[in-house]
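Q: I am new to this structure. Please take me through one part of it closely.

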Amino acid sequence: MRQDKPGVLLVNLGTPDAPTAPAVKRYLKQFLSDRRVVDTPRWLWWPILNGIILPIRSPRVAKLYASVWMAEGSPLLVYSKRQRNALAAQLDIPVELGMSYGTPSLKSALDSLMAQGVTRLIVLPLYPQFSCSTVAAVWDGLSAVFAGYRSMPDVHFIRDYAEHPAYIAALKASVERSFAQHGQPDLLVLSFHGIPQRFANEGDDYPQRCRDTTAALTRALGLSENKVMMTFQSRFGREPWLTPYTDETLRGLPAQGVRHIQIMSPGFSADCLETLEEISEQNREFFLHAGGEKFEYIPALNDDAEHIAMMLALVNAHR
């Protein structure tokens, strides 16, 4: 009789192994080669990627990574490992961490779980809001690994958790801590990672899931809608992405009388380059240079106790 043994796979995007140009180049090549991320025809994309983007961007991005690198390594990997360890401490089943790009790979995580006799796999992509460019890429990655197995477990795939009560409660607690420390701002900005507008036009419900999170958090905080704004960051390339853009918005807010903002990125489950450098440093300068007076970045949920409790709730629902 087949024994039932559940196991958990936590998945995040990934990170370079070091803040160096060669390591960043390897990582960006894998990331930007995924058709879920860039779907430009290969005959057109390969010369641009290999001849222009990687040689030019890798040294520049490596310097940015160096500015946020922690003693233990890349922030995303450091916090992801802490999340894995904290969740494993509360469960009596195997828990592994895999990344869609870079290390630890999805294959290494799945190989470990299978070696431990897991027959029922609970996959938790740490993207609160579904997108074809993130969550669906995890599905593709899993399928590619399973293609090399003679057997595979039952798979329980958690699509997203944009409105899950435990997720909203964790965000609420984080915001309220910031309000208590710095005072309530004129405006709370929720900056989500952007995607091309075309993806949404073609069926990706990511923008709606971001709106769902924003509405749920606004209600939980008891704030009026004019005290919370949703924006989109980290656009890449020339085609239109979801708007309003975070950087352009922050440059324009002081002229509208907004002097004090607090900003968080609810779509990131762990702090990383896009939050620690792009939001907390670059966008801080945009806002203050435009006449803003107070800017506070609210950290990602990382390994906060409320965040681990949310993961535990999601996993237990599938045990």
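Which residues line the second largest pocket?

A: First, the ground rules. This is a predicted model, where local features need pLDDT of at least 70, side-chain atom pairs count only at pLDDT 80 or more, and totals for chains, interfaces and linings use all residues. Residues are numbered from 1 along each chain as its sequence is written, and side-chain values use heavy atoms, with hydrogens and water left out.

Now the lining. Gln30, Asp34, Met99, Ser100, Tyr101, Gly102, Ser105, Leu106, Lys107, Ala137, Asp140 and Gly141 line the second largest pocket. A pocket here is an open set of points on a 1 Å grid over the protein atoms alone, where a 1.4 Å probe fits, with protein on both sides within 12 Å along at least five of seven lines; lining residues have an atom within 4 Å of a point. Three elements each give two or more residues to this lining: strand S2 (95-102), helix H4 (106-115) and helix H5 (135-146). Helices (H or I, at least four residues) and strands (E, at least two) are DSSP runs, numbered from the N terminus. S2 gives the most, with four residues.

What is the chemical mix? The lining divides into four nonpolar, five polar and three charged residues. Ala, Val, Leu, Ile, Met, Phe, Trp, Tyr, Cys and Pro count as nonpolar; Asp, Glu, Lys and Arg count as charged; the others, Gly among them, count as polar.

Last, the volume. The second largest pocket has about 190 Å³. That is the space filled by probe spheres set on the grid points, which are joined across faces, edges and corners.
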